[in-house]
Amino acid sequence: MAVMTAPNTALRAVRTGMRMSQDDFARALQAAGHRVGEPNDANKRLIQRWESGAIAAPRPVYARALEVVTGLPISLLGFAAVPNGHVTDDDHGGHDLTSSVSDLATPTPTAKPTSAHRSYEGVWLSRYQFYSSGRGDSFAGQHFVVLLQHGDRLTARSLPGSASSSLSLDLSVDGAVVTGTWVEQTDPTGYYRGARYHGAIQLIAEPTGRRMAGKWIGFGKDMDVNTGPWELVFQDASTSKATLDRYNTRAM
């Protein structure tokens, strides 16, 4: 007997916010599974069943892929706990085994153990500086971001209430060196009128594991290449909803 729940509007909102069709989302989940060494059979039908509520909770292999693709903990993706003794069926991808959302929020990997890497998961304060040629002055951008880790890969997404712009980071860890890319969607009503900026970033993690500092590089408003300092400062190891709600406020 399948467990029926209300439609998963949270997952659908995240997917549409990423401007992905259900097919695109399924392909991204498959690609994420290959990257972390846990292949999956995500398809459009599975996404439809998640979003309709026909499947109340994903299997752990899908939960981990969802975190990699969205950059959000599974507990924020709208899945409900499945009562004991129930199993949900995805028709073409096996069965969604009984598992609570709290269990899925901190899954135990079966293919690529994360124990070989320092854990950076949690809430961090992101701060960078940039020079605005149009305004002739330097400014700072600040966001609280939720950072998730799968092996040597890190994804960080800003909490929406922490700034008027949205920020995402996709990083890889090699010892103390953290390298990757950043994307910022600026405030539609602000000076940059919703422009989307992106570039590269390289940070050095301090031995304490509580701060990463380095440089960003990216293009400017006049299509010149700029750079500046960037740091991530650790705030909290938890990614629970209560913790994220607490940090979903303007970063000062």
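Is Glu51 buried or exposed? Glu51 is buried, with a relative accessible area of 8%. Keep in mind that this is a predicted model. A search through the whole structure turns up 9 salt bridges, and Glu51 takes part in one of them, with Arg15. Below is a quick tour of some of those pairs, followed by a look at how helix α2 meets helix α4.

**The Glu51–Arg15 pair**
- The side chains of Glu51 and Arg15 come together in a salt bridge, at 2.5 Å from N to O.
- This pair links distant parts of the chain: Glu51 sits in helix α3 (residues 44-52), Arg15 sits in helix α1 (residues 9-17), and the two are 36 residues apart.
- Arg15 counts as buried, at 7% relative accessibility, and Glu51 is buried too, at 8%.
- The cut-off behind that label is under 20% relative accessible area, so Arg15, at 7%, falls on the buried side.

**Arg211, Glu206 and their network**
- Arg211 makes a salt bridge with Glu206, and their closest N and O atoms are 2.8 Å apart.
- Here the partners are partly exposed: Arg211 has a relative accessible area of 30%, and Glu206 has 31%.

**The Arg246–Asp236 pair, and a shared network**
- Arg246 pairs up with Asp236 in a salt bridge, with 3.0 Å between the closest N and O atoms.
- Arg246 belongs to helix α6 (residues 241-247) and Asp236 to strand β10 (residues 225-236), so this salt bridge ties together parts that are 10 residues apart in sequence.
- On the Asp236 side, the relative accessibility is 18%, which counts as buried.
- Back to Arg211 and Glu206: through salt bridges that share partners, they join Arg127 and Glu231 in one network.

**Helix α2 against helix α4**
- The axes of helix α2 (residues 22-35) and helix α4 (residues 60-70) come within 8 Å and cross at roughly 105 degrees.
- With that crossing angle, α2 is roughly perpendicular to α4.
- On the α2 side, the contact is made by Phe25, Ala28, Leu29, Ala32 and Arg35.
- On the α4 side, the contributors are Ala65, Leu66, Val68, Val69 and Thr70.
- Sorted by class, this contact of α2 with α4 has 8 nonpolar, 1 polar and 1 charged residues.
- As for why those two values are quoted, packed helices are described by the angle between their axes and the distance between the axes.

Methods: Residues numbered from 1 in each chain as written. Predicted model: local features only at pLDDT ≥ 70, side-chain atom pairs only at ≥ 80, totals over all residues. Heavy atoms only, no water. Salt bridge = Lys/Arg side-chain N within 4 Å of Asp/Glu carboxyl O. Helix = DSSP H or I, 4+ residues; strand = E, 2+ residues; numbered from the N terminus. Buried < 20%, exposed > 50% of the residue type's maximum accessible area, 1.4 Å probe, protein only. Axes fitted to C-alpha atoms, helices over the stretch in contact; angles between N-to-C directions. Parallel < 35°, antiparallel > 145°, perpendicular 65-115°, else oblique. Contact = heavy atoms within 4.5 Å. Nonpolar A, V, L, I, M, F, W, Y, C, P; charged D, E, K, R; others polar.
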